[in-house]
Amino acid sequence: MRQNPAETLCRVLPKIREVLHVAGVEMQLTAAVSFLTVLQEESVSIHTYSHSFLHIILQNLEHRDAGVSNAWLETLLAVIEALPKETIRHEILNPLVSKAQLSQTLQSRVVSCKIMGKLANKFEAHIIKRDILPLVKSLCQDTEYEVRTCMCRQLEHIAQGIGAELTKTVVLPELVELARDEGSSVRLAAFETLVNLLDMFDADDRSQTVLPLVKSFCEKSFKADESILVSLSFHLGKLCNGLYGIFTPEQHLRFFEFYKKLSTLGLQQENGHNDNQLQLQTLEQEKKYILVRKNCAYNFPAMIVFVDPKNFHLELYSIFFCLCHDPEVPVRYTMALSFYEVAKLLNSGVYTIHKELVTLLQDESLEVLDALVGHLPEILELMTNGVENCGSENSKLLSIPDLITALTTAEQRAATSLKWRTHEKLLQKYACLPHIISSDQIYYRFLHRMLTIILTNNVLPVQKAAARTLCVYLRYNRKQEQRHEVIQKLIEQLGQGKSYWNRLRFLDTCEFIMELFSKSFFCKYFFLPVLELTHDPVANVRMKLCYLLPKVKSTLKIPTDKHLLQQLELCIRKLLCQEKDKDVLSIVKRTVLELDRMEISVDAFQKRFYENDLLDQEKERQEHLLLEMEQLEKEKQQNEGRSTNINNKIFEKKRRDSKTSSVLAKSITLSVPGSSSAMSAGKEDKKSKLVRSQSFSTQALHPKYNTLDKCPNKSSAAGYTSSVSGMGKNCMLSFTDDSFRTHSGGNSGNAAFPSSSSSRNLFNSADQKSNGNKEIQSRKMSIWSIMGRVEYDKVTVIAFDVL
């Protein structure tokens with residue numbers, strides 16, 4: 001048909017028509033596919049096609065083999081889309097009336113149901129109402145449940161063709177009747193069609209007709225009709241959100257509890273049956289329950305909308321936790337697929353599911369990891385923003401290390417598996433990390449790992465993915481010292497490596513550097529190391545370099561890089577003169593011609609290179625910005641270091657001052673006995689007046705007391721001066737302040753200082769040295785026995801306040 005359509009139609013097609021009715025299954029299937037291909041490729045006009053091929057298709061629709069019949073039916077349904085209305089009416093619709101009769105075979109009636117569903121979109125509503133709806137009602141009442149099931153599934157297409165009004169009056173009553181059918185497959189088809197047509201029903205139809213039917217399905221699904229359980233779990237999210245506006249709070253809670261029960265179905269002993277009759281679940285039941293939980297995982301984003309994201313932590317988090325930790329891989333796989341949708345719905349509250357992200361990243365099944373990796377950059381960005389917006393800086397600091405550990409574990413598990421495509425995909429997605437975590441974290445936890453993969457992994461796509469991700473990390477690294485270290489390792493371990501395979505990967509890495517970095521960056525660090533490979537002993541390396549030379553030349557700018565251009569021309573001349581490998585030499589010659597045709601950009605902008613130069617200028621600006629940011633950070637650290645030193649000096653000075661004051665306090669404590677006698681003697685004049693005012697019987701006591709008053713004054717003055725010589729004026733004032741004279745003796749003084757008897761002994765020894773008169777000393781003892789304790793207690797209080 002592609003080469004000679006006319007001859008094929010005249011000579012080949014008649015032969016095919018003759019042998020098809022006796023042909024085997026394989027020939028029938030091949031013919032059906034070929035006829036469909038001729039239609040899709042438009043090898044002939046639609047008129048010619050309907051005239052030559054349509055009759056053959058209609059004749060084989062009722063083939064005794066179900067597979068062959070379905071193949072021809074698929075071809076016919078595709079043809080109906082392209083045929084004009086008149087052809088459909090005469091060739092398909094009119095014969096369909098007789099084919100749909102009860103007297104026809106089961107297969108014929110089933111085929112008629114599927115054709116009517118397709119025809120509903122080809123004609124106007126009044127034609128469907130007149131010619132097709134009577135056949136639809138008849139087939140909905142067919143005696144065979146297969147026919148009723150097939151017709152029920154086509155009611156959705158018919159409703160879309162006839163509109164909402166006729167759907168309410170014609171289709172909905174049929175669906176209600178089919179929902180109560182004795183056949184479980186018919187009830188299932190009716191339920192699914194009801195869910196798919198929810199948008200076409202108004203609020204009254206939903207509340208009065210659809211909702212009671214749905215409640216009935218939910219009640220029977222655990223008791224008498226478990227066949228609908230899987231379908232109900234699959235459509236529950238759509239159902240809950242479709243009926244959301246008519247739910248009462250009680251109904252809302254009821255459907256939510258039903259979802260919670262389905263999400264743990266099979267994990268607990270009770271499954272809706274009698275609790276006393278605990279039966280071992282058969283393998284078929286276990287598969288069904290796994291499928292139900294998988295459907296619950298599929299509907300989890302819809303249930304977040306149903307419950308409201310604000311109530312996620314209270315209402316849905318426990319279900320989310322159970323589904324992410326489900327023992328079956330299909331359930332966890334579905335949760336990994338829907339994780340991004342969940343994260344988007346939670347928005348700022350996404351930090352609450354951080355632990356589940358870590359769990360799925362560390363899942364034992366690589367299928368789960370592969371499902372999660374698809375939207376990993378978006379998930380990580382939402383996660384990081386959510387942690388930042390949660391208002392707790394501590395939670396951010398705690399969450400990021402967990403995330404980094406999970407990411408490194410996931411990469412290592414993928415690396416040790418045989419699923420290199422998952423590993424490649426993961427490395428490609430890890431290129432997003434500079435926008436998620438800090439430059440130092442990437443440098444110490446990921447960057448060197450990428451270099452190791454390039455050097456040790458045996459899978460080329462994985463090595464290239466690691467090389468590109470490493471270049472991205474290098475692009476966003478914020479420390480010049482680290483950048484230089486990585487560049488040096490790339491040149492030494494790859495570009496100058498012993499293995500030719502590593503040198504080939506160096507050229508791949510240079511391609512990524514030319515893509516991600518500015519031209520000046522490549523020329524500064526990688527231009528000459530690349531040219532050195534023109535002397536490589538392996539022909540494959542020199543060959544790959546020749547293919548790369550045009551890109552290398554495009555990084556040059558004249559006149560800035562004139563010396564590099566001379567080096568490039570010199571290397572090409574050497575290749576032309578010294579190359580001995582024929583394949584490499586032929587590539588060199590082609591490359592030379594291409595390089596001659598190239599125009600080198602100049603430092604100033606040119607029209608033909610304007611966009612590229614603008615992009616390169618932006619890359620160069622960002623690189624300079626990184627250097628400036630690094631310089632600012634260094635200056636900030638230096639300033640912080642200076643302020644820290646100043647603070648340390650201040651703190652050391654305060655510490656020394658505190659030590660000095662504590663030493664002075666100890667000296668005060670040790671000198672209290674002497675000072676107490678000194679202060680008591682210094683105030684003796686007033687004390688003597690107080691003694692005189694009292695009625696002492698002996699007049700001779702007064703002159704002796706006065707003589708005693710003079711002696712302690714001399715000694716106490718010296719003692720006072722020595723005890724407080726190191727203290728400031730404030731301490732001096734506090735000792736002589738009259739306010740201290742009102743203090744009375746207390747227990748605190750007795751705990752801190754020597755007893756009154758010991759102080760009296762000290763006073764006695766001092767008096768004996770100053771006066772040898774024993775008579776005077778004995779009288780003095782009697783006076784001090786009266787006055788000593790009073791003055792001692794006062795000094796105790798004064799010294800305690802000073803300390």
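Here a biologist and a modeller talk through a predicted model.

Biologist: Let's start with open space. About how much space lies in the largest pocket?
Modeller: Keep in mind that this is a predicted model, so the value is computed from it. The lining of the largest pocket is made by 22 residues, and Met-514, Lys-519, Ser-554, Thr-555 and Asn-612 lie nearest its centre. The space in this pocket is about 400 Å³.

Biologist: Which helix gives the most to the lining of the largest pocket?
Modeller: Four helices each supply at least two lining residues: α27 (500-516), α28 (519-525), α30 (539-554) and α33 (610-670). The one that gives the most supplies five residues, and that helix is α33.

Biologist: How many residues of that lining are charged?
Modeller: We can sort the lining residues by type. Eight of them are nonpolar and five are polar. The charged residues of the lining number nine.

Biologist: Now to the inside. Which helix gives the most to the largest nonpolar core?
Modeller: In soluble globular proteins, nonpolar side chains tend to be buried together. Here the largest nonpolar core has 206 residues, and Ile-115, Leu-119, Phe-300, Tyr-430, Leu-433 and Phe-526 have the most contacts inside it. Nine of the core's residues come from the helix that gives the most, spanning residues 460-475, which is α25.

Biologist: Which residues does Leu-433 touch, not counting those up to four places away in sequence?
Modeller: Leu-433 is a good one to click on, being among the residues with the most contacts inside the core. With its sequence neighbours up to four places away set aside, Leu-433 touches Leu-380, Leu-407, Ile-442, Phe-446 and Tyr-473.

Biologist: Why does Cys-510 not form a disulfide?
Modeller: A disulfide needs two cysteine sulfur atoms within 2.5 Å. Cys-510 is buried, with a relative accessible area of 0%. Its closest cysteine sulfur belongs to Cys-471, and it is too far for a bond because the distance is 8.2 Å.

Biologist: And how far is the sulfur of Cys-324 from the closest cysteine sulfur?
Modeller: Cys-324 is buried too, at 1% relative accessible area. The count of disulfides comes to zero. For Cys-324, the closest cysteine sulfur is in Cys-322, too far for a bond at 9.6 Å.

Biologist: One last residue: is Asn-70 buried, partly exposed or exposed?
Modeller: You will find Asn-70 in helix α5, residues 66-82. Its C-alpha is 9.9 Å from that of Asn-60, ten residues away in sequence. Buried means under 20% relative accessible area and exposed means over 50%. Asn-70 has 39%, so it counts as partly exposed.

Technical notes: Residues are numbered from 1 along each chain as its sequence is written. This is a predicted model: local features need pLDDT of at least 70, side-chain atom pairs count only at pLDDT 80 or more; totals for chains, interfaces and linings use all residues. Side-chain values use heavy atoms; hydrogens and water are left out. On a 1 Å grid over the protein atoms alone, a cavity is a set of points where a 1.4 Å probe fits but cannot get out, and a pocket is an open set with protein on both sides within 12 Å along at least five of seven lines; lining residues have an atom within 4 Å of a point. Grid points are joined across faces, edges and corners, and a volume is the space filled by probe spheres set on the points. Ala, Val, Leu, Ile, Met, Phe, Trp, Tyr, Cys and Pro count as nonpolar, Asp, Glu, Lys and Arg as charged, and the others, Gly among them, as polar. A nonpolar core is a set of buried Ala, Val, Leu, Ile, Met, Phe, Trp, Tyr and Cys residues joined through side-chain atoms within 4.5 Å. Buried means under 20% relative accessible area, exposed over 50%, partly exposed in between (1.4 Å probe, protein chains only). Contact means heavy atoms within 4.5 Å.
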